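These notebook entries record what I looked up in a single structure. I set out the open and enclosed spaces, a helix pair and the backbone in turn.

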Amino acid sequence: MQALWMGILSFLFAPILTAATVMTVSFDASEMRVVRETLARDLKKHKHVEFLIDKNSDYAQFIGALEKNRPDFVALLDNKAVNFMKRLEEEKKPENLARIQAAATMALNLRNVLQGSTRICGIHYEVPAFTIITRFRSLMQRTITRVLAPYRASEFEWMISEARQQLQKEGIELIGVDVEANGREQEAINKLVETILSDEHAGRKIDAILVPTDNVILNKEAFTAIWLRKARSLKVPFLCNIEKFASKDFDFCTFAAYPDLVALGHQLAEQINEVLENGSSVKDLGVDYIIGVQEALNLSRARALDLPMRSDRIEAVERVE
């Protein structure tokens, strides 16, 4: 009898898991729609609301959407959405919204952006250099040992340092060259990029060049005049994490490893579920690497470079003729 009463009391006073309200903040873009819809399916026991933003959306509108929908958790898709949530975290106002937590993705350089945050976790949108380079290597019938990576140390030093250590274990040397070495002015960066994009570095052959996901380096002036011209004239493949760069229209990169958007939605849902249903700390979850990756190979560029490809391996990737 005592055991029965104990069981009844445990049931009565056990925490009741109720459905939470999850609000997504994003642009009305097709890629973001895929992630939003995947989130809604995976977290179907919870209520979902959307706040669509555009380039003119401001912080007051974001706060208004929070006040109206009273979400328990916010999914942030894009840097603008992340910046809104960061401002709320830093200002701690309005106080009645202080409990809201968030998870972010589809924003650039997320680990650096969220440094010090205790209310926002997330998933990196950039496919890591390690993944891009090792996936490309698996397509080759020759060794890949030296890869050139232009980058801005002021923003991406941690990323290059981490990738360098990871690739070293694979026998690959990642040669990171800071394009801000002669100054942070756009002209100085462009001039240095023009110089370092080469088949060789320090007198030794380069096996591939990693294209940075960075609008400062891939600025409008430099993209056509330097990057595209170099990609088509050098005898070295360009690798990236943007699908369209490997497309026939761009005729730029030989290989791209880019986010699988459905898999990204699943991964973000798992992270949100860890908080809502398992009680995990957003601070402890931090920023995870993206897991789901798709690949595209520009066969025209590969043939122009006389790259020896593994026929069994290229069947598994998207091929652009």
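Which elements each supply at least two residues of the lining of the largest pocket? I worked on a predicted model throughout. In it, I found that helix α2 and strand β12 (255-259) each supply at least two residues of that lining.

**Entry 1: the largest pocket**

I recorded a volume of about 890 Å³ for the largest pocket. I counted 26 residues in its lining. Tyr 125, Thr 213, Asn 241, Ile 242 and Lys 244 are those that lie nearest the centre of the pocket. Sorting the lining by class, I obtained 15 nonpolar, 5 polar and 6 charged residues.

**Entry 2: α2 against α10**

Since α2 contributes to the pocket lining, I next looked up how this helix packs. I noted that the axes of α2 (residues 30-42) and α10 (residues 261-276) come within 8 Å and cross at roughly 45°. This angle falls neither under 35 degrees nor within 65 to 115, and the two helices are therefore oblique to each other. The crossing of α2 past α10 is right-handed.

I then listed the residues that make the contact. From α2 they are Glu 31, Val 34, Val 35, Thr 38, Leu 39 and Asp 42. From α10 they are Leu 261, Val 262, Leu 264, Gly 265, His 266, Leu 268, Ala 269 and Ile 272. By class, I assigned 9 residues of this contact as nonpolar, 3 as polar and 2 as charged.

**Entry 3: the cavity**

How many cavities of 30 Å³ or more does a search of the whole structure find? I found 1. I noted a volume of about 360 Å³ for the largest cavity and a lining of 25 residues. Val 127, Ala 129, Met 159, Ile 160 and Leu 210 lie nearest its centre.

Among the elements that each supply at least two lining residues are α6 (129-139), β6 (146-151) and α7 (153-168). I noted that α7 gives the most, with 7 residues. The lining of this cavity divides into 18 nonpolar, 4 polar and 3 charged residues.

**Entry 4: backbone checks**

I looked up two loop positions. The peptide bond from Lys 93 to Pro 94 is cis, with omega near -5°. I placed Pro 94 in the loop between α4 (79-91) and β4 (101-105).

Arg 70 is not a glycine, yet I read a positive phi of about 50° for this residue. Arg 70 lies in the loop that runs between α3 (59-69) and β3 (73-77).

Terms used
Residues numbered from 1 in each chain as written. Predicted model: local features only at pLDDT ≥ 70, side-chain atom pairs only at ≥ 80, totals over all residues. Heavy atoms only, no water. Axes fitted to C-alpha atoms, helices over the stretch in contact; angles between N-to-C directions. Helix = DSSP H or I, 4+ residues; strand = E, 2+ residues; numbered from the N terminus. Parallel < 35°, antiparallel > 145°, perpendicular 65-115°, else oblique. Left-handed = near helix turned anticlockwise from the far one by under 90°. Contact = heavy atoms within 4.5 Å. Nonpolar A, V, L, I, M, F, W, Y, C, P; charged D, E, K, R; others polar. 1 Å grid on protein atoms, 1.4 Å probe; cavity = no way out; pocket = protein on both sides within 12 Å on 5 of 7 lines; lining within 4 Å. Points joined across faces, edges and corners; volume = space filled by probe spheres on them.
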